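Work through these short exercises with the model open beside you. Try each task before you read its solution.

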Amino acid sequence: MEATRVVTAWDFDGTLSTRDNVVPFLRYAVGNGTFARAVSATAPRIALAALRDDERNAAKAALLRRVFAGYDVARFEQQAHDFAAIVIAKYLRSEAVERAAWHRDQGHELVIVSASLRSYLDPIAEHLGFDAVLATELAVGDDGRLTGELRGANVRRAEKARRLDEWLAETGSDAYVWAYGDSNGDRELFERADQSIRVGRRVRRWPSRWS
């Protein structure tokens, strides 16, 4: 490695966590009934997204808009913090957490790059000793309520690589990058990285040479 700076970029859902977390958070925040009505109202977009990968961002934005437009920000942030505690207690992937700790012990920087919501990822990242979170955010209106719109883009596919490069530039220098992910949503991040590792239920254990 010629670069003295080493950064490890981690997907969250399915990688550091054993599950997807967006839908469980929506249910946690607004309850099953409200969530079910939001899904019903956005069903055509969700169905299209199941068939076409390029429609997934629009479907997610529509669902979030339906669930959170007008939602009190203070309540949202408290629920996100409480939800993070549940994820920490029950849904972290132990071998990925151990691998992240190994990187941290080597002096490497750790960054979550995720389409999941930053509001609950921030306390998880703090718990795990990560340096930054680059994730999907919701916009806040002047009235202190969520508008239901995204603040910036959904951090998926090409946006993951773009956000990582933006963060690297903001923090001072290029780096040798390791990327960890579990799905096609991480493809561009893998392509941008110097080392890319796909993890998940069907992937072998970490190679012994890394320990």
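**Exercise 1.** Which residue in β6 does T8 stand opposite?

*Solution.* Keep in mind that this model is predicted. Start from β1, which covers residues 6-10. Next, find β6, residues 176-181. Five bridges join the two strands, which run parallel. T8 stands opposite W178.

**Exercise 2.** How many bridges join β1 to β2, and which residue in β2 stands opposite V7?

*Solution.* Strand β2 covers residues 109-117. Four bridges join β1 to β2, and the pair runs parallel. V7 stands opposite E109.

**Exercise 3.** Are the residues of β1 buried or exposed, and which lie on each side?

*Solution.* Recall a rule: side chains in a regular strand alternate between the two faces of the sheet. Now sort the residues of β1. V6, T8 and W10 are on one side. V7 and A9 are on the other. Both faces are covered, and five of five residues are buried.

**Exercise 4.** What should α6 span at 1.5 Å a residue?

*Solution.* Helix α6 has twelve residues, 94-105. The expected span is 1.5 Å times one less than that number, which gives 16 Å. The end C-alpha atoms are 16 Å apart, so the two values agree.

**Exercise 5.** Where on α6 do the buried residues fall, and what covers them?

*Solution.* List them: A96, R99, A100 and H103. Seen down the axis, they fall within an arc of 100°, so they line one face of the helix. Their cover includes β1, α1, β2 and β6. On the other side of α6, E98 and D105 are exposed. Just after the helix, G107 takes a positive phi of about 85°.

Technical notes. Residues are numbered from 1 along each chain as its sequence is written. This is a predicted model: local features need pLDDT of at least 70, side-chain atom pairs count only at pLDDT 80 or more; totals for chains, interfaces and linings use all residues. Side-chain values use heavy atoms; hydrogens and water are left out. Buried means under 20% relative accessible area, exposed over 50%, partly exposed in between (1.4 Å probe, protein chains only). Two strands pair if DSSP finds at least two bridges between them. The arc is that of the directions from the helix axis to the C-beta atoms. Contact means heavy atoms within 4.5 Å.
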